[in-house]
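Visitor: Please give me a close look at any enclosed empty space in this one, and then show me a few single residues that catch your eye. Take it slowly, I'm new to this.

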Amino acid sequence: MEFVPSPAIHRVLCADCGTAIEPNGANLCVACLRNTIDITEGIPKQAAISFCRNCERFLSPPSAWIPARLESPELLSLCLKKLKGLSKVRLTDAHFIWTEPHSKRLRVSLTVQKEVLTSTIMEQIFEVEFLVQHGQCPDCARLAAKNTWKAMVQVRQKVPHKRTFLFLEQLILKHGAQKDTISVKEVRDGLDFFYSSRSHAIKMVEFLVSVVPVRSKSSEQLLSADTHSNTANFKYTYSVEIAPICKDDLVCLPLKLARSLSNVSPLVVCTRVGSSMLVLDPATLRHAEISPQVYWRAAFESLATVSDLVEFTVLDVEVDRRHGSRKGKWVMADAQVALAGAFRSSGGAKVHEDDGMMDFDAFGETNQIYHTRTHLGAILQPGDTVLGYHLTLSNFNSPEYAALKTERIPDVVLVKKTYPNRRKKSKARNWRLKSMAKEVDESEGGNKGVVGRMGGRDQKKVEEDYEIFLRDLEEDEELRKEVNLYKVKDVTMDKPVQERKVKRAQFAMDIDEEAPAVDNQDEEEGDFPEVKLDELLEDFDEMTLGDEVDT
């Protein structure tokens, strides 16, 4: 193979420094060309960018605020838009130069190209420094001022307790529906949610429709109007009313409605409340689902609520083995019950006449045995304590209940099993719930939840409702699946008996005042529902690297 030499490269001297270079249109070397011509002229080397510390958004001129993380493509694009002279050159590369996060400086390295002379393209790398100026966006400025909101959602339920709103608070936290809420205010029959945008309020109303049976209506108030530009400023209010039917309530359906629901018995118990209500006939295990549209066409109220429940002692249970006597977790059974403490003896001790006496004692009904049909045959055993409605001595102001035949009204309607012996132990729970007050408005809520912040005379009632709600979570596994339970690090176990307070409330965890010692006969129920460890979540907000463990 014959060697072919490459053509000789002719070189010329640079016109300024005399260095041998390849011929070009300017007859200048690269160093002299950069000293002579600056293609970055007209591009600012310093600029300012506005940042809102409350919502962590950057200003995108003229008036838009966008969220962007440090050294993200969104922030880089925003920085490049601040440089006006970039349109005269060709941008080939841009990236951030690392700076301390607290330095309030953003350094960007740019590589640009431009044709300076005939057939001569010059490339140059330079740095631009951006000063981060802390400001406040209009949305955060409205939040900082008091009573400035664009939309409000009024949630109401006309019931004498707060358990529905306690459950609703946990649903809102689990689904993150509180993230757009400015503040929450507690009123007599419910809660008020305030928002800076109408769309956020509509989103909250749609969430409420999906979790509880409600009806809603909206209104608007004109604040200002501009006839020249045909624009107006409104405040919007959405009123949401929750159906006054709660779990474990005794309900007497209107006869027409009962016939439309597959001819179910009018006297039913509400077993579940979600986007619709599920009612059950304890005598036949027939259940029906009542949608919000059906309910609000002919609204009705509860005959009795959880506060009217009475404790009964199960004397005998006979499970019905016939076909169709089991539906899901419900099992039909015949039960014989008596009022709790009906057959107790004083043991020679002096007992005050008014101490612990029920209202039924004056009627001579304490030692009577009642026979009833119940849906709790799968969990009831002789000797258990069960809560139910005592219809024999009850008086209801309801035309639907008065229209029922006497032979179709049972003496007792059993609702759920209770565990009084375990409640007397006063064991601390190894789980807890979060509060929406800490998520939305810490300054007003303090350590209290969003429900119960009004205080006053109703504070004790709210605490009792909260305790009943916690017990419902313990005893109902399906209800626990709808909320988030969090682990408790330090749990204090049994309290001394002398420190326990005596309460007359029906659901209070108390012991008799004359019995300071623990009664050995009150053994804990073996089937007490325990919250499993795998159902609890870690509270990541309280996890820190500097926790010290005492040894």
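**The enclosed space**

Guide: Let's go straight in: the count comes to three cavities of 30 Å³ or more. Here a cavity is a set of points, on a 1 Å grid over the protein atoms alone, where a 1.4 Å probe fits but cannot get out. The points are joined across faces, edges and corners, and a volume is the space filled by probe spheres set on them. Why use a probe at all? Because rolling a probe the size of a water molecule over the atoms shows where empty space is left.

Some ground rules. This is a predicted model, so local features need pLDDT of at least 70 and side-chain atom pairs count only at pLDDT 80 or more, while totals for chains, interfaces and linings use all residues. Residues are numbered from 1 along each chain as its sequence is written, and side-chain values use heavy atoms, with hydrogens and water left out.

Now pick out the largest cavity, with a volume of about 310 Å³. Its lining is made of 18 residues, where a lining residue has an atom within 4 Å of a point. Nearest the centre are R163, T164, F167, C246 and K247. The elements that give two or more residues to this lining are α4 (163-175), β15 (267-273) and α12 (459-475). These labels come from DSSP runs, numbered from the N terminus: helices are H or I with at least four residues, strands are E with at least two. Helix α4 makes the largest share of the lining, three residues.

What kinds of residues face this space? They split into nine nonpolar, three polar and six charged. In that scheme Ala, Val, Leu, Ile, Met, Phe, Trp, Tyr, Cys and Pro are nonpolar, Asp, Glu, Lys and Arg are charged, and the others, Gly among them, are polar. The lining also draws at least three residues from each of domain 2 (147-242) and domain 3 (249-342 + 366-418), with domain bounds taken from an automatic or database assignment.

Step along from K247, one of the residues nearest the cavity's centre, and you reach D248, in the loop between β13 (231-242) and β14 (250-252). D248 has a positive phi of about 70° although it is not a glycine. It is also buried, with a relative accessible area of 7%. Buried means under 20%, exposed over 50%, and partly exposed in between, using a 1.4 Å probe and protein chains only. Most residues other than glycine have a negative phi, and most peptide bonds are trans. S262 goes against that habit too, with a positive phi of about 60°. S262 sits in the loop between α6 (255-260) and β15, but it is exposed, at 56%. Then there's the bond from P61 to P62, which is cis, with omega near 10°. P62 belongs to the loop between β4 (57-60) and β5 (64-67).

P61 leads us to L78, in helix α2 (residues 73-81). Leaving aside neighbours within four places in sequence, L78 is in contact with I49, F58, L59, S60, P61 and I66, where contact means heavy atoms within 4.5 Å. I49 is 29 residues away along the chain, yet the two C-alpha atoms are 8.9 Å apart. L78 is buried, with a relative accessible area of 2%.

A47, in strand β3, reaches further along the sequence: its C-alpha atom is 6.5 Å from that of E129, 82 residues away. With neighbours within four places left out, A47 touches E129, F130 and L131, and it is buried at 17%. I37 lies in the loop between α1 (30-36) and β3 (46-52), and at 24% it counts as partly exposed. Again leaving out neighbours within four places, I37 is in contact with V116 and M122.

Zoom out to finish. The chain has 13 helices and 28 strands, and of its 551 residues 42% count as buried. Among contacts between residues at least 6 apart in sequence, 66% join residues at least 24 apart.

Definitions and conventions: On a 1 Å grid over the protein atoms alone, a cavity is a set of points where a 1.4 Å probe fits but cannot get out, and a pocket is an open set with protein on both sides within 12 Å along at least five of seven lines; lining residues have an atom within 4 Å of a point.
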